[in-house]
Amino acid sequence: SRVSGSAPTRWRSRPSRLPPELDVTIGIDFAARANQLRTRLINGGLPPALLIADAPSVRWLTGLSSSDAVAVLLPEAVVLVTDSRYAAAARCAESHIEVRIDRQLLRVAVDALTEAGTESFVVDPRVLSVSDLEQLRRLADGTGVVFSQGQIEDLRGHKDASEVELLTRACEISTAALGELLPEIAVGMTEIAVARRLEQLFGELGVEDRAFPSILAAGPNSAIPHHEPTNRVIAAGDILKIDFGARVGGYHADCTRTFIVGSAPTDRQRAVHEAVSDAAAAARQALRVGVEVAELDAIARAVLSDAGIEQYFTHGLGHGIGLEIHESPLLSKASAGTICDGAVVTIEPGVYLPGEFGVRIEDTCHVTADATTILTNFPRELARIG
């Protein structure tokens, strides 16, 4: 496996704005996805009928982005149930998808299963509340309910060309926005002001939203892995950790870079950053189809152990990313599984010295049998800004 996309990107490199008429479903074969799912269920000894209740998986199967929808996979059809707020969007679904508009999502979904003569169907219990599960059992009286986890998640782990295109676009715009932000950062600005300016740049480039609340952490706050920006004023000599990403067509980017503000770094800051950078590079180099996720985590930790700071790496190495900011697989020492062909995952080792500073370097990476491509293409050195 080779690693590509690692050449530095010049700051202030702005891609063209997303066209306002961008159709994020172009090129997605939703009928093929339904057939893949049926095949997976049958090969797993499960009935080829599935009730899908989590929003990202509903979107993956039907193209509908909604906060109130379920989908039903049947042996010969797909039924999409949502309320009237999403009627217009739902009716743009492909011809093989039947749309039903009703607020009683589970009742209508079970009706569709019953009408199709389904004797039993699969549902993932993790995505329903206890009350929803109880209602489902009542509604499905006489129809068998089979609990099974991860049927769609595993398929979503293999990103197709259309998904990779959207993820690539989200990453390009994310890093371009960072490049425009860095010359604006100055001693005396607050964490909140810088975070909101970064997200404003996302909007100027036409993306639909930030992928997650931006993490902007200066000085001792950078030692908090998921610090929420505050009114703390950025001072000269601060380490500044920026964890950020844009969202395009429902697909999330995730990137972290660490900088020094207003002065040269200390020897300690430089040494920690170098160790984290080496750990990230080692893990990216080892990232390939078939590698154990726990092995990747161990590779990064070994580099930090050699530097004497592994105990300050307090989270997993990374995670899958796509329609959700955190997807399967989780890259950690306690996780099982391997990297599949077509996976998009983050590599993000970090070291956090309580009360001093923290360093994290994170990239979103696309993995195939032929290559590992870094989608968040931006310099990683401990650059001075401000």
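1. Let's start with R33 and its surroundings. Setting aside neighbours within four places in sequence, R33 is in contact with I28, W60, L61, D160, S162, E163 and Y251. Please keep in mind that this is a predicted model. R33 is found in helix α1, which covers residues 30-43. Is R33 buried or exposed? Its relative accessibility is 3%, and buried means under 20%, so R33 counts as buried.

2. Two of those partners, W60 and L61, also turn up where α1 meets its neighbour α2. Helix α2 spans residues 55-62, and its axis comes within 7 Å of the axis of α1, with a crossing of roughly 115 degrees. On the α1 side, the residues that take part are F30, R33, A34 and Q36. They meet R59, W60, L61 and T62 in α2. Sorted by class, this contact has four nonpolar, two polar and two charged residues.

3. Next, have a look at helix α4, residues 105-115. Which residues of α4 are buried? They are L105, L106, V108, A109, V110, A112 and L113. A general point helps when you read such a list: an α-helix has 3.6 residues a turn, so residues three or four places apart point the same way. The cover over the buried residues of α4 includes the strands β2 (50-52), β3 (69-73), β4 (78-82), β5 (97-101) and β6 (120-123), along with helix α5 (130-139). After α4 comes G117, which has a positive phi, near 75 degrees.

4. The pairing of α4 with α5 deserves its own point. Their axes are 10 Å apart, and the two helices pack at an angle of about 35 degrees. The crossing of α4 and α5 is right-handed. From α4, the residues L106, R107 and V110 meet D132, Q135, L136 and L139 of α5. This contact divides into four nonpolar, one polar and two charged residues.

5. P125 sits in the loop between β6 and α5. What does P125 touch, not counting residues up to four places away in sequence? The list is L133, F147, S148 and Q149. Take Q149 as an example: P125 and Q149 are 24 residues apart along the chain, and their C-alpha atoms are separated by 7.4 Å. With a relative accessibility of 23%, P125 counts as partly exposed.

6. Now for the core. How many residues does the largest nonpolar core have? The number is 62, and L240 and I242 are the ones with the most contacts inside it. Helix α7 (residues 161-181) provides the largest share of this core, nine residues. A second core, separate from that one, has 32 residues, with L304, F313, A343 and V359 among them. Back in the largest core, you can follow the surroundings of L240: apart from neighbours within four places in sequence, L240 is in contact with I185, L216, A217, A218, I234, R257, T258, F259, V261 and I385.

7. Helices α9 (residues 267-286) and α10 (residues 293-306) make a good exercise in reading angles. Their axes come within 8 Å and cross at roughly 150 degrees. Angles over 145 degrees count as roughly antiparallel, and α9 and α10 are therefore roughly antiparallel to each other. Their crossing is right-handed. In α9, the residues A275, V276, D278, A279, A282, A283 and A286 meet L296, I299, A300, V303 and L304 in α10. By class, this contact has 11 nonpolar residues, one charged residue and no polar ones. L304, named in this contact, is also one of the residues of the second core.

8. Two prolines round off the note. P349 lies in the loop between β16 (344-347) and β17 (350-353). Its relative accessible area is 0%, so P349 is buried. Leaving out neighbours within four places in sequence, P349 is in contact with V276, A279, A280, F313, L317, V359, R360 and I361. Of these partners, I361 is 12 residues from P349 in sequence and 6.3 Å away in space, C-alpha to C-alpha. F313 and V359 were mentioned above as part of the second core. The other proline is P329, found in strand β15 (residues 327-331). What kind of peptide bond joins S328 and P329? The bond is cis, with omega about 5 degrees.

How values were computed: Residues are numbered from 1 along each chain as its sequence is written. This is a predicted model: local features need pLDDT of at least 70, side-chain atom pairs count only at pLDDT 80 or more; totals for chains, interfaces and linings use all residues. Side-chain values use heavy atoms; hydrogens and water are left out. A nonpolar core is a set of buried Ala, Val, Leu, Ile, Met, Phe, Trp, Tyr and Cys residues joined through side-chain atoms within 4.5 Å. Buried means under 20% relative accessible area, exposed over 50%, partly exposed in between (1.4 Å probe, protein chains only). Helices (H or I, at least four residues) and strands (E, at least two) are DSSP runs, numbered from the N terminus. Contact means heavy atoms within 4.5 Å. Axes are lines fitted to C-alpha atoms, for helices over the stretch in contact, and angles run from 0 to 180 degrees between N-to-C directions. Angles under 35 degrees count as roughly parallel, over 145 as roughly antiparallel, 65 to 115 as roughly perpendicular and the rest as oblique. A crossing is left-handed if the near helix is turned anticlockwise from the far one by less than a right angle, and right-handed if clockwise. Ala, Val, Leu, Ile, Met, Phe, Trp, Tyr, Cys and Pro count as nonpolar, Asp, Glu, Lys and Arg as charged, and the others, Gly among them, as polar.
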